Structures are given as C-alpha cells and as structure tokens.
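Colleague: I would like to go through this model with you, from the strand arrangement down to single residues. Please give the reasoning before each value or name.

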Amino acid sequence: MPHLTVEYSSNLPLQARELLLQINESLAETGHFKEIDIKSRAIRFDEVVIGTAPAARAFLHAKLVILRGRSTEVKRELSERVLAVIQAAQAWSQGLDVQLCVEVLEIDKETYAKAHLAN
C-alpha cells in the first residue's frame, strides 16, 4: 500500500513512466509509506468525451488508494502533493483545456490481504 492509478486521455503528451516515478518519489518523501510499497500504474484512454462542446479537452485523474486510518490533513497533504507533481511534470499543450484531479480512497485494513515474495 499505497496503490496509485493514473487515468488519462490519449491526447495528453504524457510520459507516463517518468510521471509515475516522480509521484512515487514524492510519496516516499512524505514518510507515510515505504518506497517499496508504493505501486503505480497508468491507463491511457483513447475514447473519451469531456462535456458536450467540440473544444479540445483532456483529463488526467489520479486515484491514490491507502489503508484506512489517516487523518483528513494527511489525506489532503497526499492529494495536494500528487497534484503538484503532475502539474510540474508536464508541459501541457497550448489550446488544450486540461482537467487534472486527484482523489484519495481508503480500504479497510481488516479486509486487505498482501503477500510479498522476494527471492
């Protein structure tokens, strides 16, 4: 834990692997997680509709899933930190209306199962 999923529209010039690494580094710096436990992935969507206007629009939505029990302040810190990394990491295209957002989701410790197999 945590798990980070970045969903984004294909019209964003995103270097996904680089962005995920930057987010992982930023999350590790908080001291809330061990670096080895941060798992990130990116999903690119080719078919998206944003609103109803024919304008050039794009989105990136990051979902950070953590174990329940952290304060609202910590969750806010994490979402703002991820958003700051996303904003700083990319040169967003001129003329493209881009919406960036981050949400923090929680799962119950009691129902989360994990195995770590290291050889």
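**Fold and contacts**

Colleague: Which handedness does the β-α-β unit made by E1, H1 and E2 have?

Modeller: The model is predicted. Strand E1 covers residues 3–9, helix H1 covers residues 16–29, and strand E2 covers residues 39–45. E1 and E2 pair in the parallel sense over seven bridges. Together with H1 they make a β-α-β unit that is right-handed.

Colleague: What pattern does the protein follow along the sequence?

Modeller: The protein has two helices and four strands. E1, H1 and E2 make a β-α-β unit, and E3 takes up residues 57–67. Helix H2 spans 72–89, and strand E4 spans 97–107. Read along the sequence, the pattern is β-α-β-β-α-β.

Colleague: In what order do the four strands lie in the open sheet, and which are the edge strands?

Modeller: E1 pairs with E2 in the parallel sense, while E1 and E3 run antiparallel and are joined by six bridges. The pairing in the sheet is mixed, and the strand order is E2-E1-E3-E4. Each edge strand pairs on one side only, and these strands are E2 and E4.

Colleague: By how many degrees are neighbouring strands of this sheet turned against each other on average?

Modeller: The sheet in question is the open one, with the order E2-E1-E3-E4. Taken as an average over neighbouring strands and with direction ignored, the turn is 15 degrees.

Colleague: Which strands does H2 touch where it packs on the sheet, and what angle does its direction make with that of E4?

Modeller: H2 packs on the sheet by touching E3 and E4. E4 is one of the edge strands. The direction of H2 makes an angle with that of E4 of about 150 degrees.

Colleague: At what angle do H1 and H2 pack?

Modeller: The H1 side of the contact consists of Leu19, Gln22, Ile23, Ser26, Leu27 and Glu29, and the H2 side of Leu78, Arg81, Val82, Val85, Ile86 and Ala89. The crossing is right-handed. With the axes 10 Å apart, the packing angle is about 145 degrees.

Colleague: How many residues of E1 are buried?

Modeller: On one side of E1, His3, Thr5, Glu7 and Ser9 are buried, and on the other side Leu4, Val6 and Tyr8 are buried. Both faces of E1 are thus covered. The count of buried residues is seven of seven.

Colleague: Why does Glu7 count as buried?

Modeller: Glu7 is in strand E1. Leaving out residues up to four places away in sequence, Glu7 touches Ile43, Phe45, Phe59, Leu60, His61 and Lys63. The cut-off for buried is under 20% relative accessible area. Glu7 counts as buried because its relative accessibility is 18%.

Colleague: Is Ala53 buried, partly exposed or exposed?

Modeller: Ala53 is in the loop between E2 and E3. Buried requires under 20% relative accessible area and exposed over 50%. Ala53 has a relative accessibility of 34%, so it counts as partly exposed.

Colleague: How far apart in space are Ala53 and Val82, C-alpha to C-alpha?

Modeller: Val82 is among the H2 residues in the contact with H1, whereas Ala53 sits in the loop between E2 and E3. Along the sequence Ala53 and Val82 are 29 residues apart. In space, C-alpha to C-alpha, the distance is 29 Å.

Colleague: Which residues have the most contacts inside the largest nonpolar core?

Modeller: This core has 23 residues, and E1, H1, E3 and H2 each supply at least two of them. Val6 touches Leu20, Ile23, Arg41, Ala42, Ile43, Leu60, His61 and Ala62, not counting residues up to four places away in sequence. The residues with the most contacts inside the core are Val6, Ile23, Leu27 and Leu60.

Colleague: Which residue is the bridge partner of Tyr8 in E3?

Modeller: E1 is joined to E2 by seven bridges and to E3 by six. On the E2 side, Tyr8 stands opposite Arg44, and the bridge partner of Val6 is Ala42. On the E3 side, the bridge partner of Tyr8 is Leu60.

Colleague: Which peptide bond is cis?

Modeller: Pro2 lies in the segment before E1. The bond leading to Pro2 has omega near 10 degrees, and the cis bond is the one from Met1 to Pro2.

Notes:
Residues are numbered from 1 along each chain as its sequence is written. This is a predicted model: local features need pLDDT of at least 70, side-chain atom pairs count only at pLDDT 80 or more; totals for chains, interfaces and linings use all residues. Side-chain values use heavy atoms; hydrogens and water are left out. Buried means under 20% relative accessible area, exposed over 50%, partly exposed in between (1.4 Å probe, protein chains only). Two strands pair if DSSP finds at least two bridges between them. A crossover is right-handed if, with the strands pointing away from the viewer, the path from the first strand over the helix to the second runs clockwise. A nonpolar core is a set of buried Ala, Val, Leu, Ile, Met, Phe, Trp, Tyr and Cys residues joined through side-chain atoms within 4.5 Å. Contact means heavy atoms within 4.5 Å. Axes are lines fitted to C-alpha atoms, for helices over the stretch in contact, and angles run from 0 to 180 degrees between N-to-C directions. A crossing is left-handed if the near helix is turned anticlockwise from the far one by less than a right angle, and right-handed if clockwise.
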